[in-house]
Amino acid sequence: MKVLVFTLLCLFIAINEAKVFSRCELAARLKRGGLDGYYGYSLGNWICMAYHESRYNSRAVGRPNWDKSRDYGIFQINSRWWCSNGQGKTANGCKSSCSAFTNDDITDDINCAKRIVRDPNRMNAW
């Protein structure tokens with residue numbers, strides 16, 4: 001019985017751990033998602049930004065910013081402008097819940113990043 005409980009506990013912990021991509025794994029995923037060359041930004045630009053924002057951690061959540069917003073996911077997408085975390089005012093430019101950016105499926109993160117770079121601030125939004 002103890003072995004079963006221990007095994008289930010280990011599985012639960014493994015399921016809840018963050019997905020930290022390797023650089024090559026993330027590059028392949030971003031390329032498949034159409035970010036290589038998107039709005040003039042190379043795959044290297046995206047990889048560098050993701051590294052500096054989250055260290056490739058899909059479940060990263062930043063500390064509160066000065067305006068009480070937070071940053072979510074591999075690209076650290078901001079709750080004031082791009083997603084809704086249910087706390088305070090948001091423009092919700094990506095029309096998404098911030099929690100959608102904190103799982104291992106980064107498809108929605110990629111789509112929101114594309115939306116962000118179409119904004120006049122482009123990559124400077126980060």
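**Exercise 1. The ring of Tyr38 and its surroundings**

Does Tyr38 count as buried or exposed, and at what relative accessibility? Work this out, and then describe which groups meet the ring of Tyr38.

*Solution.* The model is a predicted one, in which local features need pLDDT of at least 70 and side-chain atom pairs count only at pLDDT 80 or more, while totals for chains, interfaces and linings use all residues. Residues are numbered from 1 along each chain as its sequence is written, and side-chain values use heavy atoms, with hydrogens and water left out.

Step one concerns accessibility, where buried means under 20% relative accessible area, exposed over 50%, and partly exposed in between, with a 1.4 Å probe and protein chains only. Because its relative accessibility is 19%, Tyr38 counts as buried.

Step two turns to ring pairs, for which the rings of Phe, Tyr and Trp (its six-membered ring) must have centres within 6.5 Å; planes under 30 degrees apart count as stacked, over 60 as edge-to-face and the rest as tilted. The structure holds 6 aromatic pairs. One of them is formed by Tyr38 and Tyr39, with 5.2 Å centre to centre and 40 degrees between the planes, and it is tilted.

Step three adds a charge, which sits over a ring if NZ of Lys or CZ of Arg is within 6 Å of the ring centre and within 35 degrees of the ring normal. The charged end of Lys114 meets this rule over the ring of Tyr38, at 5.4 Å from its centre. Elsewhere, the charged end of Lys19 sits over the ring of Phe21, 5.1 Å from the ring centre.

**Exercise 2. Positive phi outside glycine**

Locate Tyr39 and Arg55 in the secondary structure, and give the backbone angle and the accessibility of each residue.

*Solution.* Helices (H or I, at least four residues) and strands (E, at least two) are DSSP runs, numbered from the N terminus. Tyr39 falls in the loop between helix H2 (23-32) and helix H3 (43-54), and its phi is positive, about 50 degrees, although Tyr39 is not a glycine. With 38% relative accessibility, Tyr39 is partly exposed.

Arg55 is placed in the loop between H3 and strand S1 (71-72), where its phi, again in a residue other than glycine, is positive and near 60 degrees. Its relative accessible area is 45%, so Arg55 is partly exposed.

**Exercise 3. Two buried residues and their contacts**

Compile the surroundings of Ile77 and Ser79, leaving aside neighbours within four places in sequence.

*Solution.* Contact means heavy atoms within 4.5 Å. Ile77 belongs to strand S2 (residues 77-78) and, at 0% relative accessibility, is buried. Its contacts beyond the sequence neighbours include Trp82, Cys83, Phe101, Cys112 and Ile116. The C-alpha atoms of Ile77 and Ile116 are 9.0 Å apart, while 39 residues separate the two in sequence.

Ser79 lies in the loop between S2 and helix H4 (107-118), and its relative accessibility of 4% makes it buried. Among the residues in contact with Ser79 are Ser69, Asn85, Lys89 and Cys98.

**Exercise 4. The disulfides**

How many disulfides are there, and which pattern do they follow? For each link, state its geometry and the parts of the chain that it joins.

*Solution.* A disulfide is taken as a pair of cysteine sulfur atoms within 2.5 Å, and by this rule the count comes to 2 disulfides. With bonded cysteines counted along the chain, the pattern is 1-3, 2-4.

Cys83 is joined to Cys98 with an S to S distance of 2.0 Å, and this link is right-handed, with 95 degrees about the S-S bond. Both cysteines lie in the loop between S2 and H4, so the pair ties together parts that are 15 residues apart in sequence. Cys83 and Cys98 are both buried.

Cys94 is joined to Cys112, again with S to S 2.0 Å, and the link of Cys94 and Cys112 is right-handed, with 85 degrees about the S-S bond. This pair connects distant parts of the chain, since Cys94 is in the loop between S2 and H4 whereas Cys112 is in helix H4, 18 residues apart. Cys94 and Cys112 are both buried.

Two further cysteines can be classified by accessibility. Cys24, with a relative accessible area of 57%, is exposed, whereas Cys48, at 42%, is partly exposed.
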